[in-house]
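Here is my note on the structure, written for someone who is meeting it now. The points begin with what holds the chains in contact and then turn to the spaces left in the model.

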Amino acid sequence: MDILIYGTINSIALALMALGFALVYGISRVPNFAHGAIYVLSGFITWTFLNSLGLHYALSIVITMVLIGALGALLYQFVLIRVRGMAISEIIASYAIGLAILEGLRWGGFKGMSYTLPPFIEGSVMIGGIPVDFQRILVVGLGALIVLGLWAFTHYTRIGLALRGMAQDERAALMLGIDSDLMAVVAMAIGAMLAGLAGVLLLPLGNIVVESGYNVLILAIAVCIVGGLGSWMGAVLAAFLIGFAQILTVVYLGSHYQMVVALLAIIFTLILKPSGLFGMQKELEERV
Amino acid sequence: MKMRGIGILAALLAAVFLVLPGTYALAEEPITIGCPLSTAYLYGWDADRAIRLAVDEINANGGVDVGGVKRPFKVEVMDTRDLEPGVPVSEALLAVEKLILEKKADFLVGGPVRSEAALAAMSLLSKHKKVSIFTTGFLTPKFHAMVAKDYDKFKYCFRIHGEAVQLVKEIMACFQEIKAKYGLDKVFIMVQDVSHARGGGKVLGKVAADKGWQVLGTEIYPTGTTDFSMGLIKAKKAGAQILNIWMDMPESSILLKQWYDMKVPALPFGSTLAAAEQPGFWKATEGKGEYTLCNVVNAGNAPSEATPWTMKFYDAYTKKWGIEPEGLGASSSYMAIYVLKDAIERAESLDPDKVVAALEKTDMMGVYGRIQFSPKGHQIIPSFDPKEGAVGSILQWQDGKRVVVFPKSIAKGEIQLPPWMKK
């Protein structure tokens, strides 16, 4: 029962961490290596609004989402657009932005463990004899809603359909009058907001530390590679595979192997099926 | 009239030299203290603040008397980054070398902080014949074993704070008190995947088992872990009564929040638990960390009256930095500067060999008791009584405050159990 409960919670948390990365790559083909930094930054911004400015928690989150979305759009418009299509430069540029954000936060004094966001709901409940706190239950519920909302957005709205068109075939989308760069800006803004949402949902479970940015980036990349770069549903499925594998590893092998699971998942995927479970990249034999 | 003017000028000059000796000392060439510290982490910044406090106090009182010349101390801090995940030892060694070669440090005080990096730095320090006093984080007993084994090579290295073997002794003595008072005898060990914690957890498990405790398991967590749920469930299922924790990562406060939310019926006991050492722990855990015990290594890092100097240091630190001494590196880093000053003055020189000889003869009543180094290992001599040696300090969070509960010689309160553990 503990494996089922905490496996589900861990999987949804991983899906939340990875969705933004998968979305940005799916639309713009830009691997946003600043994803982890945006996740952490959203936590610190919310903390600042909440604690330093004394704003209401919900209002702090809303303003944070707006700011983070704008930041994502600006990053694409002023930096990433200039290197789009150059794979190595995209990685270097986005990683450099992420480093600048994380090290800038540290330099600005955001260090230590005193930065915390309160849980949305205090308390815990016993499920099948296993204690689970309400915030984790909320993560599962809201995480599922976000996945469903993203699916509905990309299937039933004009912008969402345009984003899907871009993801499926950029040239065909261009022929239909879809502005490729505008869609990439929108994707980057939504991707950043998804990273931010993951941050404000998951960070109340612990505390906000700069180092989380690096871990979240590795986990997001692992989920997206296993799921198939560019596939959002693949990312969700991969999050469940890696999430449960991590929990099983903790139970049967030990906690210190937990991070190894994500790294092994990347290695095995690249060896056995480089395009991932639902990837749209061509298989090696097709490309040769 | 002219004579009167000269007289006034002479009197003014005399006043400058006699009344303001600090200013006079500051005109002399400073003695540079290089501080390799992981400044983004508790055990780095608390040491940094404590060193600066001591240096400011000493300089304000005229500086260091080096063979009749009063010279001020100057602090050069460099970030070693060695407390970051992955333990970048090479970064730490680079910082040490830069302090020696570029900043022309006369002495080194502080780190590297992580044992892996500090051990690696010892050969470098010996190569440059730099007298170094380790003051924070570096807990492994390998330090004094290395100095004792190859004294001629490593004689320039000293350590002024407690080490893992003494910590285990203190923790076991405290465990025995808990056992006698509450009948608890089942321990579950949770450690961070770094050298000192793995080693400490292993030794404690063995010693506890030898003393009749049931050691139910050991869980090792990578640095940066943010979810401890499954480990806590394991501990709860196994029937743990004490959670022995060795972690210096800031994320360890999450462990205590989860412990509270799950109402795990086991007393959290941080052998090293950086998060719970800090005054901000209460706010960081929204009070959920109440009843957490933690070892802050030396007295002075939590309020007590170990010696007349303890609260004097505690209050001065609080006044200067606006926060109480925060972690295990504070009182020892502060004390190291005074010990170094004392040794330089007795040696009447900055010559490393003369200062080493003087440091070996150190006998001072400091912030956490009598300060003396073991003659061959250069490790501070520990004791449960501050009159005899460096005394440790174990605190418990009670009603928003850090209350020292062990050893008895300096305790300010009794160990308490959380309500869900009371029968």
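1. The model is a predicted one, and the salt bridges between chain A and chain B are a convenient place to begin, since their count comes to 4. One such pair to look up joins the side chains of B:Arg81 and A:Glu103, with 3.3 Å from N to O.

2. Beyond the salt bridges, 11 residue pairs are found in polar contact across the interface of chain A and chain B, with both residues of a pair at pLDDT 80 or more. On the side of chain A that touches chain B, at least two residues each are supplied by H1, H4, strand E2 (130-133), H9 and helix H10 (232-252). That side of chain A is made up of 14 nonpolar, 12 polar and 8 charged residues.

3. As for the extent of the interface, the contact draws 34 residues from chain A and 37 residues from chain B. The two chains, A and B, bury about 2,800 Å² between them, and carbon and sulfur atoms account for 55% of this area. Within chain A, the residues that lose the most area to chain B are A:Met113, A:Ser255 and A:His256, which together make up 21% of what that side buries.

4. Turning to open space, the largest pocket holds about 860 Å³. It is lined by 40 residues, and those closest to its centre come from both chains, namely A:Asn215, A:Leu219, B:Gly224, B:Thr225 and B:Thr226. In chain A, helix H1 (2-28), helix H4 (87-107), helix H9 (212-227) and helix H11 (258-272) each give at least two residues to this lining, and the largest share, 6 residues, comes from H9(A). By class, the lining of the largest pocket has 18 nonpolar, 12 polar and 10 charged residues.

5. Which enclosed spaces should also be inspected? The count is 8 cavities of 30 Å³ or more, and the largest cavity contains about 90 Å³ of space. Its lining has 15 residues, of which A:Pro119, A:Asp133, A:Pro204, B:Asp261 and B:Lys288 are the closest to the centre.

6. The elements that give two or more residues to the lining of the largest cavity are helix H5 (134-156) of chain A and helix H11 (252-262) of chain B, and H11(B) gives the most, with 4 residues. Sorted by class, the lining of the largest cavity consists of 6 nonpolar, 3 polar and 6 charged residues.

Note on methods: Residues numbered from 1 in each chain as written. Chains lettered and ligands numbered in written order. Predicted model: local features only at pLDDT ≥ 70, side-chain atom pairs only at ≥ 80, totals over all residues. Heavy atoms only, no water. 1 Å grid on protein atoms, 1.4 Å probe; cavity = no way out; pocket = protein on both sides within 12 Å on 5 of 7 lines; lining within 4 Å. Points joined across faces, edges and corners; volume = space filled by probe spheres on them. Nonpolar A, V, L, I, M, F, W, Y, C, P; charged D, E, K, R; others polar. Contact = heavy atoms within 4.5 Å. Buried area = accessible area lost by both parts, 1.4 Å probe. Polar contact = N/O pair within 3.5 Å; in protein donor to acceptor, adjacent residues only side chain to side chain.
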